Amino acid sequence: MFAKFLLTVAVVAIIWFGFKYLQRVTELRGRRDAARAPSGDKPRFEPVTDGESVQDLVKCSVCNTFRSPKLGPCGRAKCPY
Ligand SMILES: [Zn+2]
């Protein structure tokens, strides 16, 4: 009877400390990643002012995907581009 109680306490303690350990590891990992990649150095999309880097996508009626018309045909038969 007492052994059962002891086993239950041991299992609860193992789960409790396991969660605490995982929480600590996650916290440390998040802090390390935040220190490694400061928010100011994130890559940013900067469009070229000539408009070449910004293109309207056109829906292909055959393959139902959006592509730039400048890319040419998608390779499927009856592709309108
Ligand atoms: Zn297509």
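Colleague: A patch joins residues with over 30% relative accessible area and no salt bridge, like charges within 9 Å and nonpolar side chains (Val, Leu, Ile, Met, Phe, Trp, Tyr) within 5 Å. How much accessible area does the nonpolar patch on the surface have together?

Modeller: This is a predicted model, in which local features need pLDDT of at least 70 and side-chain atom pairs count only at pLDDT 80 or more, while totals for chains, interfaces and linings use all residues. Residues are numbered from 1 along each chain as its sequence is written, and side-chain values use heavy atoms, with hydrogens and water left out. The members of the patch are Phe-2, Phe-5, Leu-6 and Val-9. With areas from the Shrake-Rupley method (1.4 Å probe, only the protein chains shown counting as cover), their accessible area together is about 440 Å².

Colleague: Is Val-9, one of the patch residues, buried, partly exposed or exposed?

Modeller: Val-9 is found in helix 1, where helices (H or I, at least four residues) and strands (E, at least two) are DSSP runs numbered from the N terminus. Its class follows from relative accessible area, with buried under 20%, exposed over 50% and partly exposed in between (1.4 Å probe, protein chains only). At 42% relative accessibility, Val-9 therefore counts as partly exposed.

Colleague: How is the pair of Phe-2 and Phe-5 classed?

Modeller: The structure holds 1 aromatic pair (ring centres of Phe, Tyr or the six-membered ring of Trp within 6.5 Å; planes under 30 degrees apart are stacked, over 60 edge-to-face, the rest tilted). The rings of Phe-2 and Phe-5 have centres 6.4 Å apart and planes at 40°. Both residues lie in helix 1 (residues 2-36), 3 residues apart, about one turn of the helix, and both are exposed, Phe-2 at 58% relative accessibility and Phe-5 at 53%. Because the planes are at 40°, the pair is tilted.

Colleague: How far apart are the end C-alpha atoms of helix 1, and what span would be expected?

Modeller: Of the 35 residues of helix 1, the number buried is 0, so this helix lies largely in the open. The expected span, 1.5 Å times one less than the number of residues, is 51 Å for helix 1, and the end C-alpha atoms agree with it, being apart by 51 Å.

Colleague: Which residue forms a salt bridge with Asp-33?

Modeller: The count comes to 2 salt bridges (a side-chain nitrogen of Lys or Arg within 4 Å of a carboxyl oxygen of Asp or Glu). In one of them the side chains of Glu-27 and Arg-31 meet at 2.7 Å, N to O, and these residues lie 4 residues apart in helix 1, about one turn of the helix. Asp-33 is partly exposed at 38% relative accessibility, and its partner is likewise partly exposed, with a relative accessible area of 48%. At 4.0 Å between the closest N and O atoms, that partner of Asp-33 is Arg-32.

Colleague: How many disulfides are counted?

Modeller: Cys-60 counts as buried at 1% relative accessibility, and Cys-63 is buried too, with a relative accessible area of 12%. Under the rule that a disulfide is a pair of cysteine sulfur atoms within 2.5 Å, the count of disulfides is 0.

Colleague: Which residue other than glycine has a positive phi near 60°?

Modeller: This residue lies in the loop between strand 1 (58-59) and strand 2. It is exposed, with a relative accessible area of 52%. The residue with phi near 60° is Asn-64.
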